[in-house]
Amino acid sequence: MNVILKNAVISIFFFLGECYVDHAGATLYSETQVKNVGANLRDSLYGNPHSIGNSPTHDIIDRMRYRILSHFNTNSDQYTVIFTSGATASLKIVAEGFHFTTENNKTATSSHSGSFVYVQDNHMSILGMRDVIAAKDADVIYLDHDQAFEILNQPLTLRNPNEKQSSNSLFVFSAQCNFSGLKYPLEWISNAHAGALSVFARKLSTRWYVLLDAASFSATNKLDLSIYKPDFVCLSFYKMFGYPTGIGALLVKNKSSDVLDKMYYGGGTVDIALSSERFHRKRQILYERFEDGTVPFLSIVSLQYGFEILSKLTMDQISKHVFSLAKTLHHSLLTLHHCNDKPVVKLYSDSDYEDRRSQGGIVTFNVMRSNGEYVGYMEVLNMAALFKIHLRTGCFCNPGACQRHLSFSTKEILKYYEAGYTCGGETDLINGKPIGAVRISFGYMSTIKDVQTVLLMITKFIDEPNSINSSKINTQINKCTLQRLFIYPIKSCGAYEITDSWNLNSKGLEYDREWMIMTSSGTCLTQKHYTNLYLLKPVILKNQNIMRLTYPGRPTIDISLENVYEKSMEYQSNVYESKVQSIDCGSKVSEWLSLALGKPNLRLIRRSCERQKNGLDKTELSNQALYLAVNEASVSWFIDKISDLNFQKDIVHRFRANIIMEGCEAFDEMQWEHVRIGNNNFKVNGSCTRCQMIGDQTTGEKIIEPLRILGEKLHGKLRFGICLTRLEKTQSTHTLKIGDHIYCS
C-alpha cells in the first residue's frame with residue numbers, strides 16, 4: 001500500500017511540507033488526480049448536457065452513475081444516483097419529499113401519519129430536517145445514544161410483509177460519527193426495516209424506511225449495498241477523494257422511490273410546462289425529476305479520476321490503514337502524562353480502538369494542564385499552526401455527540417448561548433470548561449509521520465518540573481515604570497514608537513489602529529495571511545498634520561490626519577463580525593498600497609467616530625482590547641530561554657504591545673487586576689491570547705518561537721501580556737508619558 005501511495009497518489013500537501021489531519025472535513029486531492037483532470041479538460045470539449053448533440057457529456061455522466069453504483073457494489077436495477085451539491089442537499093431532498101402518509105391515506109391526521117426518528121450523534125444537517133418534517137404533521141422523535149443501541153440491537157420478529165401499512169416512517173442515522181469515529185452497526189438498517197422502532201415510536205402499522213448518512217463513513221470504509229440496503233444514502237465526494245468539491249449524490253433504492261416526491265421543478269426536470277397556466281408534468285426517470293437545472297457536468301467529468309485513485313486500493317485496505325494510525329495515536333496519547341502523573345489529554349471515544357469494525361480513523365480529545373485545567377482548543381489550534389498541522393476544532397457540526405462527550409446539560413448550553421457562545425465562534429472555554437474539542441482524522445494518504453508530528457506538538461503542553469507556576473506569583477501592590485510606548489496606526493502594519501507623551505481618548509491611544517487596509521471584496525488584510533504588512537511603517541507627524549507611509553523600495557506617501565475625504569462607506573468588520581462606518585482615504589493611497597503590497601484594488605479605510613445605531617461603540621480595530629501591556633522582565637525571561645541570537649534581537653516588537661513596563665518581576669502581571677499609569681486607571685481584562693502573528697517585525701518571517709516556549713513553560717497557555725481597559729468614562733483627554741509610574745494590584 002505504501003508503494004502505491006508514494007508512486008500513484010502523492011498528495012499535493014506532501015510537497016508543501018504540511019501535516020494534514022482533517023480528512024473527516026475533506027480529504028486531500030492527489031497530484032495524479034488533478035493532473036489527469038486538467039489534461040482531460042484541456043483535450044476534450046464538454047457542453048451543456050441539456051443541449052442536443054452533446055452526446056459525449058451525456059455519455060460520461062451516465063457512465064459516472066454506473067461507476068458510483070459499482071463502487072458501492074450495486075447497479076441501476078437496485079439504485080438510482082441523483083447528483084446533488086453534497087450530503088446536505090441530499091438530506092434536504094428527502095426531508096422535503098418524503099411521504100409520511102400512504103397513497104391511500106394522504107388526508108390522514110397527524111395521529112395517522114408516520115414518524116421521523118433520528119439518533120443523538122447526528123450531523124447538524126440531519127437536525128435541519130426536523131422542522132421541515134414536523135410541518136408535515138409527522139412525529140419527530142429523538143433517540144439518545146444508549147437507547148439506539150438498546151432498541152436497534154435487540155433480536156426481533158420480522159413484520160408480516162402482507163400486513164396493511166397505514167403510514168410511512170423514516171429512520172436516519174450516520175454510518176460513522178464524525179465526532180468520535182464510532183461506526184454504528186449497519187445491521188440497524190435491516191432491523192429498522194423489520195420494525196425494531198415500531199413500539200418505541202408507537203407506530204405498529206407503519207412501514208419503515210432508512211436514510212443512511214454515509215458521508216463520513218464512505219471516505220475510508222466499504223459500503224456494500226448488496227448486503228446492507230438502506231432506502232436512501234447521502235454522499236459527498238470531496239470527503240472521498242478531495243476534488244471536486246460542491247458535488248455529492250443521493251442514492252435511492254428504486255423500490256422505495258414512490259415515497260419520494262418534490263414540489264419545485266427547474267430546467268430539465270419536466271416533460272412539459274405551461275407559462276399561462278399552472279400545469280406541468282415531471283419527468284418519469286427518477287434522477288431527471290430531481291436534478292433541477294444543469295448538473296455540474298465538469299465536476300461529474302472529474303469524478304472519474306477520483307474513483308481511479310480509490311481503485312488502486314481496496315476500501316478494506318484504506319480502512320485498515322486509517323484505523324492503524326488512529327489506534328497508534330490514541331494509545332500514544334493515553335501514555336502522555338505531566339510530571340505529576342496527571343494525563344495530558346482527555347480523550348472522547350466510544351471504543352478502546354482495538355476493533356476497526358466499531359472504530360474509524362478519528363481521534364478526538366482536549367489538552368489538559370498538570371493542575372487539571374483545560375487548555376482551550378483555540379490555543380491548541382494556534383500551536384498546531386506553528387507545526388504546520390491542519391486539524392479541526394469545535395463540535396464539528398455534531399452538537400449531539402459534542403454535548404454527550406463533554407457532559408453538558410441542555411440548560412448549560414442555552415445559558416452559554418445567552419452569554420454569547422455560537423457554533424463556529426472562537427470561544428473555547430466557559431468557566432474553565434471546554435465547549436468543543438480537537439479532532440485528528442486520517443485519510444488514505446496519511447502516514448505515521450503525521451501521527452508523530454501531532455504527538456510532537458502535544459508534548460509541548462507537558463509541564464516540566466521547573467516551569468513557572470503562576471499561582472505562586474506575588475500579588476502585592478507593585479511599582480513599575482512606563483519604559484516604551486507604541487501605537488499601530490494601521491491594523492496589522494508596523495509600529496510607531498512614542499518618544500515622549502501621547503494622548504488618550506475614548507478609542508484608546510490617539511491614532512492607534514484607526515486605519516485598516518481592505519480588499520475590493522471587503523476583507524481586512526492581516527499579518528496572519530499577508531506577512532509583508534510588517535514592512536509597511538506609518539509615521540505620525542503631528543506638527544505637519546500628516547501620517548507618512550513608508551515601504552521598502554517605494555517612495556513615501558502622506559495621508560492627512562484630518563478627515564478631509566468625503567466618501568463614507570460601511571464595511572463588514574472581520575474583527576467584530578458587524579458593519580462599521582468608515583471613510584475611504586482616496587484613490588492615490590489606494591494605488592500606492594496596491595503597488596507596494598502587490599495586491600490590486602486595495603483601499604485604506606479610516607474608522608468613523610460616529611456611534612452605531614445600536615448605541616454600541618465597536619469601531620476599534622484592536623482584536624482583544626484597546627491597550628496591550630507587556631512586562632520587560634517577562635520578555636527578558638524569554639530571551640534567556642531562547643538560544644537563537646537572531647530571535648533574541650528586539651524581541652519585544654514581536655508582541656506588538658502598546659505599553660512596555662520595566663521594574664517589575666517576571667510574570668507579576670499575570671495576577672494583576674488593576675493598573676494605574678500616571679493619572680490613568682485601567683482594569684486588567686486578562687492575559688492576551690497569542691496567535692501566529694508573533695514573528696520577526698523586520699522580515700515578516702513566521703517562526704515557532706516564542707509560542708512554543710509559552711506552551712512548554714506556562715502550563716500550555718499561549719498567552720502573554722495583559723489587556724487593559726481605561727476606567728474613566730469621560731471624553732476629556734488624558735496622556736501617557738514615558739517614565740510614568742505604574743502601580744499595580
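**Exercise 1. Work out how strand 12 is paired and how its residues are placed.**

Solution. Begin with strand 11 (residues 345–348), which is joined to strand 12 by 4 bridges, the two running antiparallel. Strands here are DSSP runs (E, at least two residues) and helices are DSSP runs too (H or I, at least four residues), numbered from the N terminus, and two strands pair if DSSP finds at least two bridges between them. Within this pairing, K346 stands opposite N366 of strand 12.

Next, turn to strand 17 (residues 437–441), which also runs antiparallel to strand 12 and is joined to it by 4 bridges. Here F365 has V438 of strand 17 as its bridge partner.

Then consider the side chains. In a regular strand they alternate between the two faces of the sheet. In strand 12, I362, T364 and N366 point one way, while V363, F365 and V367 point the other way, and all are buried. Buried means under 20% relative accessible area, exposed means over 50%, and partly exposed lies in between (1.4 Å probe, protein chains only). Because 6 of the 6 residues of strand 12 (residues 362–367) are buried, this strand is largely enclosed by the rest of the structure.

A note on the basis of these values: the model is predicted, so that local features need pLDDT of at least 70 and side-chain atom pairs count only at pLDDT 80 or more, whereas totals for chains, interfaces and linings use all residues. Residues are numbered from 1 along each chain as its sequence is written, and side-chain values use heavy atoms, with hydrogens and water left out.

**Exercise 2. Describe the surroundings of K239.**

Solution. First, note the record: UniProt, in an unreviewed entry, places the feature "modified residue: N6-(pyridoxal phosphate)lysine" at K239; UniProt positions are given in the numbering used here, feature names are shortened, and annotations may be inferred rather than shown by experiment.

Second, place the residue: K239 is in helix 11 (residues 238–241), and with a relative accessible area of 14% it is buried.

Third, list its contacts (heavy atoms within 4.5 Å). Not counting residues up to four places away in sequence, K239 touches H23, A24, G25, T27, A215, S216 and A219. The side chain of K239 also reaches the backbone oxygen of G25 at 3.2 Å.

**Exercise 3. Which residues touch the most other members of the largest nonpolar core, and where does this core lie?**

Solution. A nonpolar core is a set of buried Ala, Val, Leu, Ile, Met, Phe, Trp, Tyr and Cys residues joined through side-chain atoms within 4.5 Å. Of the 110 residues in the largest one, F171 and F237 touch the most other members. Domain 1 (44–103 + 111–262 + 296–313) and domain 2 (316–460) both give residues to this core, so it lies between them; the domain bounds come from an automatic or database domain assignment.

**Exercise 4. Locate T220 and find what surrounds it.**

Solution. T220 is found in the loop between strand 6 (206–213) and strand 7 (232–236), and at 8% relative accessibility it counts as buried. Leaving aside neighbours within four places in sequence, T220 is in contact with M315, I318, S319, V322, F442 and G443. Finally, compare sequence with space: T220 and K320 are 100 residues apart in sequence and 8.9 Å apart from C-alpha to C-alpha.

Conventions: Polar contact = N/O pair within 3.5 Å; in protein donor to acceptor, adjacent residues only side chain to side chain.
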